[in-house]
Amino acid sequence: MNSSRPLRFLSRIRRGITGLALPALLACITTACVSVDGPEQDELDSVRAGKDTIALFRVVITSNAGALPPFSETLESQCMSVGLSDPDAEGAVAQIDSLESFSDETLEQGWLYFVLPPGKHSVAVNPPGMYDPRGDERWSEAAHWAFVIPKDTPVVYLGSLRVHCRAEASDFGGVRIRDIRAQKMRDESSAATAIAAKHLPDLPAPVTVLPKRLFRRESTLLRSQTN
């Protein structure tokens, strides 16, 4: 992961909190968890130079309360947590502080993108951190999905992760996600190709790279992954 990106994210994140009740603002983290500005020019230049790849990834949430949006552009407390393996931490998965999507529409559909170098990586998801009493250990307990980004591949599609969760009523109306009950990776390559054609028109169509689930008995493999 590029450690300089979170600093850039801070200047790009939208904060649409107008109209929310004061108690909700006091109780929730109001920093948006997703930027919808798309890749910056230096990121695109790095992709064209073969140093990085834009990786498309979708999260879809179902629950006992029905379908739920996985991310909110206004409240971090309503965002599913997403983590990627960190080569500086021996491949352990760490949370991404600020996520990226292409537009309000792609965000609503659960689409994200990562800018990653070629090599081995893992991705994982967790419930919103505000409602999760666990600390960093929740990432070692989460299901990890491992993938390899080929060299000289500007755009890849990492699959669509369907996550079934337990939800409960929120004190501020609506529902909140409490824990994950099941996960399944699906292939929506056609949709990913359409999104890339619209938002990355100057880059080749994405290559599909579906991750493989690593179960807990395989967790030691994460420590040997390097980019």
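1. Lys198 is exposed, with a relative accessible area of 58%. In this predicted model, Lys198 forms a salt bridge with Glu105, and the closest N and O atoms of the pair are 3.5 Å apart. Glu105 sits in helix 4 (residues 104-108) and Lys198 in helix 6 (residues 189-199), so the salt bridge ties together parts that are 93 residues apart in sequence. Glu105 is partly exposed, with a relative accessible area of 44%. As background, side chains of opposite charge can pair when their charged atoms come close.

2. How many salt bridges does the structure hold? There are 8 salt bridges. Beside the pair of Glu105 and Lys198, a network of salt bridges links Arg166, Glu168, Arg178, Asp179 and Arg181. The next point takes up some members of this network.

3. Glu168 forms salt bridges with Arg166 and with Arg178. For Glu168 and Arg166, the closest N and O atoms are 3.6 Å apart. For Glu168 and Arg178, the N to O distance is 2.8 Å. The pair of Glu168 and Arg178 links distant parts of the chain, with Glu168 in strand 9 and Arg178 in strand 10 (residues 175-186), 10 residues apart. Are these residues buried, partly exposed or exposed? Glu168 is partly exposed, at 24% relative accessibility. Arg166 is partly exposed as well, with a relative accessible area of 29%, and Arg178 is partly exposed with a value of 24%.

4. Strand 9 (residues 155-169) also holds Ser160. Ser160 has a relative accessible area of 0% and is therefore buried, since the cut-off for a buried residue is under 20%. Which side chain does the side chain of Ser160 meet in a polar contact of 2.5 Å? The partner is Glu188. Leaving aside residues up to four places away in sequence, Ser160 touches Arg58, Trp111, Lys184, Met185, Arg186 and Glu188. Glu188 thus appears both among the residues touched and as the polar partner of Ser160.

5. Strand 2 (residues 53-63) has 10 of its 11 residues buried, so strand 2 is largely enclosed by the rest of the structure. Strand 2 pairs with strand 9 in the parallel sense over 9 bridges. Within this pairing, Val163 in strand 9 is the bridge partner of Ile61. Strand 2 also pairs with strand 6 (residues 111-116), in the antiparallel sense and over 6 bridges. Here Leu56 stands opposite Tyr113 in strand 6. A general point helps when looking at such strands: in a regular strand the side chains alternate between the two faces of the sheet.

6. A further group of strands deserves a separate look. An open sheet is formed by 5 strands in the order 4-3-7-8-12, with antiparallel pairing. Which strands are at its edges? Strand 4 (93-95) and strand 12 (212-214) are the edge strands, and each pairs on one side only. On average, neighbouring strands of this sheet are turned by 35 degrees against each other, direction ignored.

7. Inside the order of that sheet, strand 3 (residues 81-85) and strand 7 (residues 119-126) run antiparallel and are joined by 4 bridges. Gly83 stands opposite Ala124 in strand 7.

8. Asp152 lies in the loop between strand 8 (144-149) and strand 9. What is notable about its phi angle? Phi of Asp152 is near 55 degrees, which is a positive value in a residue other than glycine. Asp152 is exposed, with a relative accessible area of 66%.

9. Some totals place these details in the whole. The secondary structure of the protein comes to 6 helices and 12 strands. The protein has 227 residues, of which 49% count as buried. Its accessible surface comes to about 10900 Å², and 52% of this belongs to carbon and sulfur atoms. Among contacts between residues at least 6 apart in sequence, 73% join residues at least 24 apart.

Terms used:
Residues numbered from 1 in each chain as written. Predicted model: local features only at pLDDT ≥ 70, side-chain atom pairs only at ≥ 80, totals over all residues. Heavy atoms only, no water. Helix = DSSP H or I, 4+ residues; strand = E, 2+ residues; numbered from the N terminus. Buried < 20%, exposed > 50% of the residue type's maximum accessible area, 1.4 Å probe, protein only. Contact = heavy atoms within 4.5 Å. Areas by Shrake-Rupley, 256 points an atom, 1.4 Å probe, with all protein chains shown as cover. Polar contact = N/O pair within 3.5 Å; in protein donor to acceptor, adjacent residues only side chain to side chain. Pairing = 2+ DSSP bridges. Axes fitted to C-alpha atoms, helices over the stretch in contact; angles between N-to-C directions. Salt bridge = Lys/Arg side-chain N within 4 Å of Asp/Glu carboxyl O.
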